[in-house]
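Colleague: I'd like to learn how to read a structure feature by feature. Could you walk me through this one?

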Amino acid sequence: MKWSHIDPKIDHGRNFLIRNLCNHHEQICPYSLEMGGDVFFAIRGKRFDGNAFVEEVIRRGARAIVSEEPSKKFFPNELIWHQVSDVAAAWTEAQRRFNGNPDKNLKIYAVTGTAGKTTVAYAIQQILGNSCGRLTTIDSQWKDRTFPSPMTTADARQSFANFREMLSDGCDTVAVELSSHGLCEKRLFAIPIEAAIFTNLSHEHLDYHSSMEEYFDAKIRLFDGRNGSVSNCIVTNGDDTFGRRLLKLLKEKNISAAAVGTSHRCQWRLLSCKNLREGSIIRFCHGSKCHEFFTKLIGDFQGMNLLQAIAATAHAVDLDLALSRLEQLHPVPGRMQRIVPDFGGEIFIDFAHKPAALECVLRSLRRRRKCVIHTLFGCGGERDREKRPMMAAIAERYSDFSIVCEDNSRNEPREKIFAEIIGGFRRNNFSCIPDRQRAIHWAVHALKKHRGMLLIAGKGHETIHETVQGKSFLSDCVAVEENLKNLRIHVPAQSKDTLSLPPKKKMPIHGFSKILILGRGITGQAVRKFCENQNYRWKICCDDDGSADISIGDIDLLVHSPGAINSPILQRAKNLGIPCIGDLDFAQKFYANPTVAITGTNGKTSTVHMLCHCLGKLSIPAIGTGNIGLPTIELVDTLAGNSRLWNVCEVSSFQAKNLKVFRPDYAIWTTFSPNHLDMHGDYFSYFLAKRNLLNLAKKKIFLSAGVAEQFKEFSIPLPSNCEVVSGITGAHSCEAESGGKLQFQHQINNFSLVERLLEEIAPWEVHPGRLLRDFAFPPHRLHLYRTIGNVSFWNDSKATNAAAVRAAVSSIRLKCDQLLWITGGRSKGEDVNDFASIVAGVAGTIAMGEMGWHIFSHFKGKKIHFFSKDDELRQRLRKEIESGDGTKKAVLFSPGFASFDRFKNYAERGNWFEREICDRL
């Protein structure tokens with residue numbers, strides 16, 4: 001490049017080869033005819049004026065000087081003095097030409113604003129693909145090349161050199177961050193802008209700008225033409241006060257712009273951003289269509305950042321392709337960077353070093369989950385002092401405790417910085433630990449105790465720490481990992497919580513010399529096995545009729561299974577003063593795991609399975625237990641060995657009635673209707689047995705709306721820690737999101753309780769239904785077994801009462817023209833009139849067993865057939881389904897009683913229906 005490229009009017013004889021363009025006096029080297037000469041640009045900055053170094057650069061051998069001032073009289077004849085009206089713009093233009101005008105062949109997406117610039121730039125690069133580079137606060141990256149960035153917007157020398165390298169490596173687009181400093185100093189003046197994005201504006205850089213108005217004026221240079229060009233695609237923040245002002249200013253200048261925000265007036269409308277454990281689900285509308293996508297980024301504010309990137313690239317990339325690419329976007333280093341230690345809790349490292357950014361992050365964490373939040377932060381020295389007390393007030397408002405420490409104090413006394421920060425606190429909920437590494441050490445140890453969330457704010461990706469002693473290495477991320485290693489805690493590679501069961505170990509002896517186990521069923525056998533493993537002395541008995549002759553005078557403890565609550569032996573032991581506890585009370589003597597207890601007339605098992613499945617999808621280790629299936633005592637060794645393992649426990653009314661020790665963290669009550677009246681005596685006693693569980697819940701209780709109505713009916717006040725969950729109203733949406741899993745209203749009602757609980761116990765918000773995409777309901781709940789012609793066969797053999805059958809009938813009637821119901825079995829004390837609405841609502845009823853005979857005898861004149869043999873039932877069923885004109889029919893096997901007389905459990909009778917009835921038709 002020759003001098004004539006800068007000054008076309010130069011005499012031919014004075015033209016020379018430019019060796020280097022310089023804006024610092026120490027960069028100048030002596031001129032030589034062979035190598036050419038250096039040109040010095042005397043740029044006037046905030047701190048230094050290049051004109052003050054003119055004599056020095058002349059002494060060093062500069063060939064030409066570019067300045068806004070007139071020529072000096074003392075300079076040598078061979079030196080060229082070139083006066084310009086704007087030396088900063090001339091410097092940028094010279095760098096452009098020196099590097100071959102690379103920006104002319106690049107589509108440049110420029111992002112400015114106080115917060116969110118880096119994330120938006122990363123997102124734009126991800127959307128545009130491998131041919132797009134980025135120049136951001138964190139790094140400069142394109143293809144397989146990555147370099148650290150010294151500042152948000154590099155000097156024109158470095159920026160245009162990067163543009164040149166990008167072109168040579170095959171890039172055609174680039175996403176750049178443009179700071180207010182860069183705009184004021186015209187570091188990228190007159191570059192052609194493909195799209196310009198304004199993220200937001202808040203208190204920052206007032207050490208550089210005299211006021212917020214001056215700061216705003218610097219930002220809008222990118223949009224109003226003062227930076228040398230106006231983009232055809234402008235995107236701004238419609239929720240931000242300054243973003244709306246920008247829209248108004250552009251409208252006055254007849255410059256079109258698109259707004260992104262939550263308002264109906266925004267062209268790109270953000271509907272919601274729901275936090276999952278490993279990312280977020282973002283929903284938005286554009287035009288008449290709504291869209292949603294998953295991102296690995298965490299934080300409510302990420303919805304705005306990503307939607308701005310989508311809007312800026314919409315003219316270049318198909319929307320569906322853009323959304324699919326954003327799902328692969330990795331979290332930006334130092335921007336809500338999440339670390340999950342094995343002891344629980346979450347650590348977030350974020351660059352938030354200004355009031356608005358800190359507030360945005362903390363508000364997002366507050367909505368993430370209800371837990372203790374500690375915030376570690378500081379303020380930089382020799383920078384904006386006004387924000388220091390503001391940062392303290394924000395940390396105090398949204399945190400439970402704050403740790404103030406050093407953050408690049410530079411040459412300013414850190415005691416002065418701390419004093420100005422502490423002045424913003426109003427309560428004594430903070431500590432000042434000057435050394436940042438020691439502060440992080442303290443904060444990580446505190447997190448191990450409260451297992452909440454720790455935010456380490458201010459430095460983010462930065463690894464250089466500036467103090468009066470100079471620069472040193474300090475990375476928040478490295479400091480956290482070193483502290484976790486010192487605690488001998490493994491940090492999973494991808495922050496995934498994996499369940500590794502510890503080897504079984506002997507439980508401590510609790511002073512029991514001899515234990516009597518009452519009940520030989522699943523629970524009784526589980527207690528027996530546990531006692532054997534712990535070397536307790538034990539004996540087991542079954543007291544079905546109260547005639548067992550067994551000596552109980554020498555036992556220390558009686559443990560009974562759920563079905564033995566009315567046993568005469570149990571009553572005799574209580575009269576003798578012998579401690580008597582149920583299986584759940586006995587189990588909790590040996591573990592203190594987080595527990596969810598689920599009770600209800602119907603829906604307990606399905607809700608247990610759904611909750612365990614969702615927790616598993618969110619990487620929270622959980623095991624479902626209950627009296628039907630795996631008793632809790634069976635897992636005591638595992639539970640005691642893993643304090644993070646949740647026990648999701650199904651609790652029957654028999655267990656709930658006599659609980660004393662068992663204290664669940666949360667309780668769910670799904671439904672309530674007449675059941676087990678042969679055991680409890682009456683409806684109210686059955687209700688009180690269930691309610692006893694609620695009295696023991698330590699944190700919160702969730703009831704369905706139907707259960708809440710029962711409290712009103714019995715004139716019993718709801719517990720103070722109780723919340724009524726009315727159910728998901730968007731049933732069709734939930735059904736679609738779950739991949740067809742939630743077909744029926746009772747399933748949706750159960751899942752609404754699960755969803756609400758997850759919002760409490762999981763450190764993130766949960767997207768409804770989506771967690772159930774690969775969920776399978778427990779067997780023998782209402783499901784379609786097979787279809788023959790126009791007839792569908794439904795198996796609901798687990799239905800144990802009239803309310804469960806009524807729900808099944810209501811659901812299947814929506815799917816057919818005629819419904820045939822098969823019922824029967826033994827009675828559990830139900831009023832036969834409870835089945836009246838069911839009999840009236842079906843096309844025909846086939847009855848079997850004791851309860852079937854009651855129904856057949858009671859509803860005379862109705863279309864009911866009673867059979868005691870399988871072949872008779874099959875013949876009648878065949879006749880029923882073959883009649884008619886091809887209408888859509890369904891057969892529902894939903895007994896509504898405890899068990900068939902000839903079967904041990906619901907699984908056997910369900911298999912009987914499928915094998916002996918359906919398969920042999």
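**Aromatic pairs and beyond**

Modeller: Happy to. This is a predicted model, and a search of the whole structure finds 33 aromatic pairs.

Colleague: How should I read one of them, say Phe401 and Trp442: what are the distance and the angle between the rings?

Modeller: Two rings are described by the distance between their centres and the angle between their planes, and planes from 30 to 60 degrees apart count as tilted. Here the centres of Phe401 and Trp442 are 5.6 Å apart and the planes stand at 35°, so this pair is tilted.

Colleague: Which parts of the chain does that pair tie together?

Modeller: Phe401 belongs to strand β19 (residues 401-404) and Trp442 to helix α14 (residues 436-450), so the contact of rings ties together parts 41 residues apart in sequence. Trp442 is partly exposed, with a relative accessible area of 35%.

Colleague: And what is the geometry of the pair formed by Phe530 and Phe586?

Modeller: That pair is edge-to-face, with 5.9 Å from centre to centre and 90° between the planes. Phe530 sits in helix α16 (residues 522-533) and Phe586 in helix α18 (residues 583-588), so the pair ties together parts that are 56 residues apart in sequence.

Colleague: Are those two rings' residues buried or exposed?

Modeller: The cut-off for buried is under 20% relative accessible area. Phe530 has 4% and therefore counts as buried; Phe586, at 0%, counts as buried too.

Colleague: Which residues do ring pairs link into a cluster?

Modeller: The cluster is made of Trp669, Phe672, Tyr683, Phe684, Tyr686, Phe687, Phe711 and Phe714. Keep Tyr683, Phe687 and Phe711 in mind, since they are among the residues where helices α23 and α24 meet.

Colleague: Then let's turn to those helices. How does one describe their packing?

Modeller: Two packed helices are described by the angle between their axes and the distance between the axes. For α23 (residues 683-694) and α24 (residues 705-713), the axes come within 12 Å and cross at roughly 115°. The crossing of α23 past α24 is left-handed.

Colleague: Which residues make that meeting?

Modeller: From α23 come Tyr683, Phe687, Arg691 and Leu694, and from α24 come Gln710, Phe711 and Glu713.

Colleague: What about a single helix, such as α11: how far does it reach?

Modeller: One compares the span with the length expected at 1.5 Å a residue. Helix α11 (residues 355-368) has 14 residues and reaches 20 Å from first C-alpha to last, close to the expected 20 Å. Its buried residues are Pro355, Ala357, Leu358, Val361, Leu362, Ser364, Leu365 and Arg368.

Colleague: What covers those buried residues of α11?

Modeller: The cover includes strands β13 (268-276), β16 (337-339), β17 (346-350), β18 (373-377) and β21 (453-457), along with helix α12 (387-398).

Colleague: I also look at backbone angles. What should I expect of phi?

Modeller: Most residues other than glycine have a negative phi. Lys186 has a positive value, near 55°, and is placed in the loop between α5 (180-184) and β10 (193-198). With 16% relative accessibility, Lys186 counts as buried. The charged end of Lys186 also sits over the ring of Phe189, 5.1 Å from its centre.

Colleague: Where is His205, and what is its phi?

Modeller: His205 lies in the loop between β10 and α6 (212-219), and its phi is near 60°, again positive. At 25% relative accessibility, His205 counts as partly exposed.

Colleague: How far is Val57 from His205?

Modeller: The two are 148 residues apart in sequence and 32 Å apart in space, C-alpha to C-alpha. Val57 is in helix α1 (residues 54-60) and is buried, with a relative accessible area of 0%. Leaving aside neighbours within four places in sequence, Val57 is in contact with His25, Ile28, Phe40, Ala62 and Ile65.

Colleague: And the whole chain: how many helices and strands are there?

Modeller: There are 31 helices and 39 strands. Of the 921 residues, 57% are buried. The C-alpha atoms fill a box of roughly 125 × 70 × 50 Å along the principal axes. Among contacts with a separation of 6 or more, 67% come from residues 24 or more positions apart.

Key: Residues are numbered from 1 along each chain as its sequence is written. This is a predicted model: local features need pLDDT of at least 70, side-chain atom pairs count only at pLDDT 80 or more; totals for chains, interfaces and linings use all residues. Side-chain values use heavy atoms; hydrogens and water are left out. Helices (H or I, at least four residues) and strands (E, at least two) are DSSP runs, numbered from the N terminus. The expected span of a helix is 1.5 Å times one less than its number of residues. Buried means under 20% relative accessible area, exposed over 50%, partly exposed in between (1.4 Å probe, protein chains only). Contact means heavy atoms within 4.5 Å. Rings of Phe, Tyr and Trp (its six-membered ring) pair if their centres lie within 6.5 Å; planes under 30 degrees apart count as stacked, over 60 as edge-to-face and the rest as tilted. A charge sits over a ring if NZ of Lys or CZ of Arg is within 6 Å of the ring centre and within 35 degrees of the ring normal. Axes are lines fitted to C-alpha atoms, for helices over the stretch in contact, and angles run from 0 to 180 degrees between N-to-C directions. A crossing is left-handed if the near helix is turned anticlockwise from the far one by less than a right angle, and right-handed if clockwise.
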